[in-house]
Amino acid sequence: MLKADELVKYYGRRRALDGFTLTVAPGEIVGLIGHNGAGKTTFVEIVTGLVRPDAGRIRIGTHDALRSGRTARRLLGVAPQETALYGSVSARENLRLLAGLAGLRGRRRDAEITAVLEELHLTAVADRAVGALSGGQRRRVQAATAMVGSPPLLLLDEPTAGADPHTRSALLAAVRARAEAGAAVVYTTHYLPELVDLDATLALARAGRVVARGTQRELTRDLPGELRVTFADPAEPELRTPTVDPGADLAALLAEGRTPASVDVRRPGLDDLYQRLEATADERQPERHDAAA
Ligand code: ATP
């Protein structure tokens, strides 16, 4: 549904995207993660048409999004990182305006808006001016603008930033439902557990490229977890050690004649993956990100 190939984008001499390639199939949720400045928002803005790339190609459905942008973007629902809503009118009116631009009219439009407002737990505040809503409510209205009309491609840029647990779970349920109905979803977040909840495919961005893609299990396979052992002898301190093979490490302790009282193995998770990503990003040469003078 979305195929971005080798996107390059410069801001002055700074290379924000450096061969960014990503595909998303119908029904797939791709969790786009990476450290601050990795290029996630620039990618979303290029697909949205707000920013023009210096090189690369984008297909949305069967359309070349850089040549026939208007037609391609009819297939797209976007929730940008900064909310972009009319503050003086109600959530329902904001949705009417956007649904109108997407070609929805009359009863069908109103029915869809009512359903999306309900889905995102916004019915009670739907007729209040958006400017008078809380930050979390505004973010949900923004997500609603992306979802109304059920576009086949959704781009959600940190839709749950600052959301309380109630807001977050309503949003996640709505995203899951859209994917189950066949929408392709790009979802950027710094809250990694959300991506596990969504059963998302992960795409790791670093320095303007997607450097790894896969399920959480695939991407964390070679990362160490942690083995925690307490011992029967109270004089022996608790052992906490990184491990890629807890069984072998435990067998080695037993072979040394030590008697564990309790054993706990923490498997590597997304946070470990993220930390490694940050660590390798820190090791990069600063010039790596900039164009030659
Ligand atoms: P975050 O997680 O903080 O939202 P991100 O992965 O979305 O980060 P981008 O916002 O895409 O990263 O930024 C990528 C790079 O491009 C950064 O080095 C950033 O400073 C630079 N950049 C982004 N937008 C602009 C702009 N309008 N003008 C100049 N530089 C920009």
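Trainee: Which strands does helix 1 lie across?

Mentor: Helix 1 lies across strand 1 (2–11), strand 2 and strand 4. Its angle to strand 1 is about 115°. Contact here means heavy atoms within 4.5 Å. Axes are lines fitted to C-alpha atoms, for helices over the stretch in contact, and angles between N-to-C directions run from 0 to 180 degrees. Helices (H or I, at least four residues) and strands (E, at least two) are DSSP runs, numbered from the N terminus.

Trainee: What should I know about the model itself?

Mentor: It is a predicted model: local features need pLDDT of at least 70, side-chain atom pairs count only at pLDDT 80 or more, and totals for chains, interfaces and linings use all residues. Residues are numbered from 1 along each chain as its sequence is written, and side-chain values use heavy atoms, leaving out hydrogens and water.

Trainee: OK, that first sheet. What's the strand order?

Mentor: The order is 2-1-4-5, in an open sheet with antiparallel pairing. Two strands pair if DSSP finds at least two bridges between them.

Trainee: Why do strand 2 and strand 5 each have one side without a neighbour in the sheet?

Mentor: Strand 2 and strand 5 (63–64) are at the edges with a single partner strand each, so one side of each has no neighbour in the sheet.

Trainee: How many bridges join strand 4 to strand 5?

Mentor: Two, and these strands run antiparallel. I60 stands opposite H63 in strand 5.

Trainee: New topic. Which residues are closest to the ligand?

Mentor: N36, G37, K40, T41 and T42, out of 15 that surround the ligand. The cut-off is a heavy atom within 4 Å.

Trainee: Where does the largest share of that shell come from?

Mentor: Helix 1, with three residues. By type, the shell has three nonpolar, nine polar and three charged residues. Ala, Val, Leu, Ile, Met, Phe, Trp, Tyr, Cys and Pro count as nonpolar, Asp, Glu, Lys and Arg as charged, and the others, Gly among them, as polar.

Trainee: What lies 2.9 Å from a ligand oxygen?

Mentor: A polar side-chain atom of N36. A side-chain N or O atom of H190 is 3.0 Å from an oxygen of the ligand. For A38, a polar backbone atom is 3.1 Å from a ligand oxygen. Polar contacts like these are pairs of N or O atoms within 3.5 Å.

Trainee: And the other sheet, what's its order?

Mentor: It is an open sheet of three strands, 12-11-13, with antiparallel pairing. Strand 12 (239–243) and strand 13 (260–266) are the edge strands.

Trainee: How many bridges join strand 11 to strand 13?

Mentor: Six. E226 has R266 of strand 13 as its bridge partner.

Terms used
Polar contact = N/O pair within 3.5 Å; in protein donor to acceptor, adjacent residues only side chain to side chain.
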